[in-house]
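Student: Could you walk me through this protein and the molecule it holds?

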Amino acid sequence: MKDTTDTTSRRIVIFDTTLRDGEQSPGASMNLAEKIEVAHALVELGVDVIEAGFPIASPGDFESVSEIAKTVRGSVICGLARCRDADIDRAWEAVQHAEQSRIHVFLATSAIHREYKLKMGKEEIIRRAVAGVRRAAGYCPDIEFSPEDAVRTETDFLCEVVEAAIDAGATTVNIPDTVGYATPAHMNKVISTLRERVPNIDRAVISIHCHNDLGMAVANSLTAVEAGAGQVECTINGLGERAGNCSLEEIVMALRTRKDYYHAHTQVVTRRLVPTSRLVANITGMQVQRNKAIVGRNAFAHEAGIHQDGMLKERTTYEIMLPEDVGFTKTDLVLGKHSGRAALVDRAKALGYTLTPEQLDTVFGQFKVLADKKKEIYDGDIAALIEQEIHTTADQWTLDSYRVVSGTGTVPEVHLELRCGDESFGTEMTCGDGPIDAIFLAIEQLTGISVDCKDFTVHSVTVGKDAQGEVSVQVEHEGQSYRGRGVSTDSVEASARAFLNAINRIVAVTNGGGR
Ligand code: KIV
Ligand code: ZN
């Protein structure tokens, strides 16, 4: 939320790269519809710039950047390009229809990258960086330049490259800590040196892009802001290559909570942080850990008696932020068997979802079924039902029923009934290593689609023995990776639903849809 009380406060530009660097996380790939959904959520969150992808990387990347540029309004849409003509032309082709477009060109500058990756000397690097920025600036006025691996680049050379890029037309110069090597003191030195030694530095915004290999991405980004950076590059849930990028929710709340110290603010609507985090976690299948700062389920839970006592006397004894301010709803225990549609709509709204009447019908039906099995329905239960509904593709295959008999030292017997359109299909098999393996094999047999299961996780959506289990699977089919998720109070059923969800994504691709 914008801070209006501190007149000396600097506005920090939030550049979100969940759809580009975040999507580079192993297993976090998203299909076109999912990327568009995330982009809309980022606009609602109030991010200034959305890096939507790397258009030259693949036709799918191009299509998603281009669709986002055409349809998403409210944030600058940025496309990444190497300092190569074809990359820059393709990036422009993809972002040109945006309300406001940005081209982000990058070229590695550190000695390691120059010698081993690019096999280029310093002059060649400067020549190409300048040519790349000029070409991009010929297309649009908003140009970002990144000297990749800047933090490990010799100081003199980094200053030289940055000065040349600004002269060539870069309006933002981004300083990537590509391998997460910096420490806060080191980062302070890098940014301060650039401000002192690059004569034209005032003509560009200094940006910071930190990876989290040593767990210091947020700390390094904050130090960069303190040293004068005006833009922070970050991702929802800290997704990104290897250990990830600077987490958006953490940097935004650090700036907001410590505005007394940083005198800086962002335009992020902080109560959208938790809903956006949940959306990205559900779409990518990469759930955040319970104790993750800001958006983790335990981030505001007080367990110790002394803490609870302090909280009851005065909240600020142990709480530096309000859970409502980041999007947690005040009360968690909400609905039960006797709750009606209006109550469900109300909770859905409070959780940040707007449902179509058809979606509401389905979710309400499922809610009633759940309420029969489970006395207390929590926000997490409702969010899980809604997420399942809104991310369900037009399903080809659905689960009618299953029965498995299994035990120690016996091969499971499975009976499975699936539906495809109006037709029903059943099988009985004795197979597998356990009940879940048996169901997966039976689904493969009935659908005729074989996959390799690469990842399987189950976690409980809320608390208690009757909590719903949420299963995420990642499978491979013909060299492509697909995700699926399912929820149920019965974890075997949740597994079957997750597996079918992945199978339906395969069917959608085979029929011409996206993954
Ligand atoms: O980490 C990095 O260096 C990058 C650049 C492309 C900005 O992601
Ligand atoms: Zn990066």
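Below, we talk through the ligand's surroundings and the nonpolar cores.

Tutor: Quick ground rules: this is a predicted model, where local features need pLDDT of at least 70, side-chain atom pairs count only at pLDDT 80 or more, and totals for chains, interfaces and linings use all residues. Residues are numbered from 1 along each chain as its sequence is written, chains are lettered from A and ligands numbered from 1 in the order written, and side-chain values use heavy atoms, leaving out hydrogens and water.

Student: How many polar residues are in the shell around ligand 1?

Tutor: A residue is near a molecule if one of its heavy atoms lies within 4 Å of it. R20, D21, H104, F106, S146, E148, N174, P176, T178, H209 and H211 surround ligand 1. Ala, Val, Leu, Ile, Met, Phe, Trp, Tyr, Cys and Pro count as nonpolar, Asp, Glu, Lys and Arg as charged, and the others, Gly among them, as polar. That splits the shell into two nonpolar, three charged and, your number, six polar.

Student: How far is an oxygen atom of ligand 1 from an N or O atom in the side chain of T178?

Tutor: Look for polar contacts, pairs of N or O atoms within 3.5 Å. For the side chain of D21, the distance from a ligand 1 oxygen is 3.1 Å. For the T178 side chain, it's 2.6 Å.

Student: Which helix gives the largest share of the largest nonpolar core?

Tutor: Such a core is a set of buried (under 20% relative accessible area, 1.4 Å probe, protein chains only) Ala, Val, Leu, Ile, Met, Phe, Trp, Tyr and Cys residues joined through side-chain atoms within 4.5 Å. This one has 97 residues, with I103 and V105 among those touching the most other members. Helices are DSSP runs (H or I, at least four residues), numbered from the N terminus. Nine core residues, the largest share, come from residues 155–168, helix α6.

Methods:
Buried means under 20% relative accessible area, exposed over 50%, partly exposed in between (1.4 Å probe, protein chains only). Helices (H or I, at least four residues) and strands (E, at least two) are DSSP runs, numbered from the N terminus. A polar contact is a pair of N or O atoms within 3.5 Å; within protein, one must be able to donate a hydrogen and the other to accept it, and residues adjacent in sequence count only if both atoms are side-chain atoms.
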